[in-house]
Each structure stands twice: as structure tokens, then as C-alpha cells.
Amino acid sequence: MVPNSPGGGYDTTARTAAKVMDDAKIATGVQVFNLPGAGGTVGLQRIVNEKGNGKLAMQMGLGVVGASYTSKSSATLTKTTPLAKMIEEAGAIVVPKNSPYRTINDLVAAWKAKPKSIAVGGGSSPGGPDHLLPMQLAKTVGIDPRQVNYISYDGGGELLPALLGGKVAFGASGFGEFLDQVEAGQLRVLAVTSEEPVDALKDVPTLKSAGIGLVFTNWRGVVAPPGISDADKKVWIDVLTKMHDSTEWKTELTKRGWTDAFLTGDQFAAFLTEQDKSVADLLKQLGLA
């Protein structure tokens, strides 16, 4: 289950994983379906309600952590069975090809001068990674995050036409969702948010190399309903581990610019607990949780 609309990061990750499982004969007939709504918490509620169902899992990530707070969801990730953290992806600051901003510092200077007049679009609702990224960027460059004019879209699939149509001045999202448009020259990436430059975008600076002291990565993983049997949990973790170890998956990581960040079971559960706390703290500062 993908808890947002087709075309976004979760959707791409889930469909890529299912295809690799099928191509590498690790698991056959894996079905991927979308259940969008409320920043991923409609899907989260469904997974929590499916207690004991060892045949269902949900693609999720940082966005669902934040959305569970901002949408005041009664279903939380702490109620799910963590299976595996799969990837991390650098964020990117993206503008349409005809944007007046040629560098990240051009954009930041204009943004600082008139924070409310510059709209930033993201493919996640408040609390999601595309919302957390511009808030943290604003804070880093000395803009009050409460002044940021953030426009929320349901996934990268909906953010893209807004960017191409000039509805927002810039987008903050995972760069993997826009590689085709960047390669086609329709969009420009001003900076990536990772520690190191990204292979898929060789000429693009990191925020740090542009003199902005922020590193931000989005991550994605898979959880199952609560109360599944140990046997079912083992089946899922074994399949995801085999998929992770396959040459087909390694090829996809390179192609999509994803960073391998594989953790399973208890290690992923500990990571999830820590993320839950740090996101809750930031959203409380913004008055959103």
C-alpha cells in the first residue's frame, strides 16, 4: 500500500521494489495500490486497523511521521510493525527553467527580502519532508519559519505541474522525482541537501558548499500492521533483504540517485522512535503539533 497519490516518491519506491522482486524472482504477484489522503494518515489508519494481517505492508517514510502529528491522527507509526528502512534521498531546491534565480544564493537573498511573497511548493502536507525542508532552510538562513508561504501538493506527481506552470517560485522535494524534467531542461536544481554532491546531478552544489549550513535527507521504509505473527514478519524481512541484496535493486539505486540505508526489524524500530521524537519537537516549535 502506498499512502499517497501515484507519481510521488513512495509510489516510485514501492513500484520499483515490487518490480525488482518480480524480475529477480524473489516474490511474485506483489500488488501495489494507492490509498491517498491526509498526508498518508488514511493509509496509516488502514494499516493499524488491519491488525494481524501478514499479507499487507505499507511504503512509508519521514512524511508519514510528521503527518501523524499535524493531522492529529489516532493511528501512529509506533502502533505498526517496523520491517525495513530502505533508502535515503537528498532533497533538492528546484526552479522552472525560466526562473530569475540562477543560484541558491540568488533565491535566498530574494526570499529573505520578502519571505511571504515567495511561494514554495512541496509534495507533502505540513509535517512531511517537503514541508520540513523549507522550514529548516528558512531557519538556517535567518527567516522566521512562520513567515514561509508553503503550498502543499499531494506528492511529486502533483507538485510537478505547479512548478512547470510557475504557480510556485521554487519547489523543495526529493530530486529523484524530477530527474526526467531536469534532464529535459524543463527544471533546474539550484542545490541538493545532502552531505556530498549527488552523482545523478554532478554540477549541482550542496547547500553546505554554497555556504548554507544545512544537511537534510528524506528516508523511506516499509511497515506492517500490528500483531502480525513472527513467521509473517520473518517472511517480509527475508524478502526485503533479498531484494536489497539483488543486482537489480543496486542498479535502481544508481539510476534513481537513492542512497542505500538498509536497516531491518529492531534497528529500524529504534531509528523510527528517534525520528518520531525529533519531528514532533520541530512541529511543536511551528505550533503544528
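Accessible areas, as I use the term, come from the Shrake-Rupley method with a 1.4 Å probe. With that understood, the accessible surface of the protein chain comes to about 12300 Å², and 52% of this surface belongs to carbon and sulfur atoms. Colleagues, please bear in mind that we are looking at a predicted model.

Let me begin with the overall form. The protein chain contains ten helices and eight strands. Along the principal axes, its C-alpha trace spans about 55 × 40 × 30 Å. Does the radius of gyration point to a compact globule or to something else, and why? The protein chain has 18 Å, which agrees with a compact globule, because a globule of 289 residues would have a value near 19 Å.

The contacts and the charges complete this overview. Of contacts between residues at least 6 apart in sequence, 78% join residues at least 24 apart. The chain carries 29 positive and 29 negative charges, and the mean positions of these two sets are 5 Å apart.

I turn now to the interior. Of the 289 residues, 54% count as buried. In soluble globular proteins, nonpolar side chains tend to be buried together. In this model, the largest nonpolar core has 51 residues, and Met60 and Ile104 have the most contacts inside it. A second core, separate from that one, has 21 residues, including Val20, Ile87, Ala224 and Val239.

Which residues does Met60 touch, once its neighbours within four places in sequence are left aside? Met60 is in contact with Tyr10, Leu77, Phe268 and Leu272, and also with Trp219, Arg220, Gly221, Val222 and Val223.

Next, helix α6, which covers residues 156–164. Its buried residues are Gly156, Leu159, Leu160, Ala162 and Leu163. Against which elements do they pack? The partners are the strands β2 (81–96), β3 (119–122), β5 (170–174) and β6 (187–192), together with helix α7 (179–183). After α6 comes Gly166, with a positive phi near 70 degrees.

Finally, I should like to consider Asp238, a residue of helix α8, which runs over residues 230–245. Is Asp238 buried, exposed or partly exposed? Its relative accessible area is 32%, and buried means under 20% while exposed means over 50%; Asp238 is therefore partly exposed. Between the C-alpha atoms of Asp238 and Arg46 the separation is 24 Å, and these two residues lie 192 residues apart along the chain.

That concludes my presentation, and I thank you for your attention.

Note on methods
Residues numbered from 1 in each chain as written. Predicted model: local features only at pLDDT ≥ 70, side-chain atom pairs only at ≥ 80, totals over all residues. Heavy atoms only, no water. Helix = DSSP H or I, 4+ residues; strand = E, 2+ residues; numbered from the N terminus. Rg over C-alpha atoms; globule rule 2.2 N^0.38 Å. Buried < 20%, exposed > 50% of the residue type's maximum accessible area, 1.4 Å probe, protein only. Contact = heavy atoms within 4.5 Å. Lys, Arg positive; Asp, Glu negative; His and termini not counted. Charge placed at Lys NZ, Arg CZ, Asp CG, Glu CD. Core = buried A, V, L, I, M, F, W, Y, C linked by side-chain atoms within 4.5 Å.
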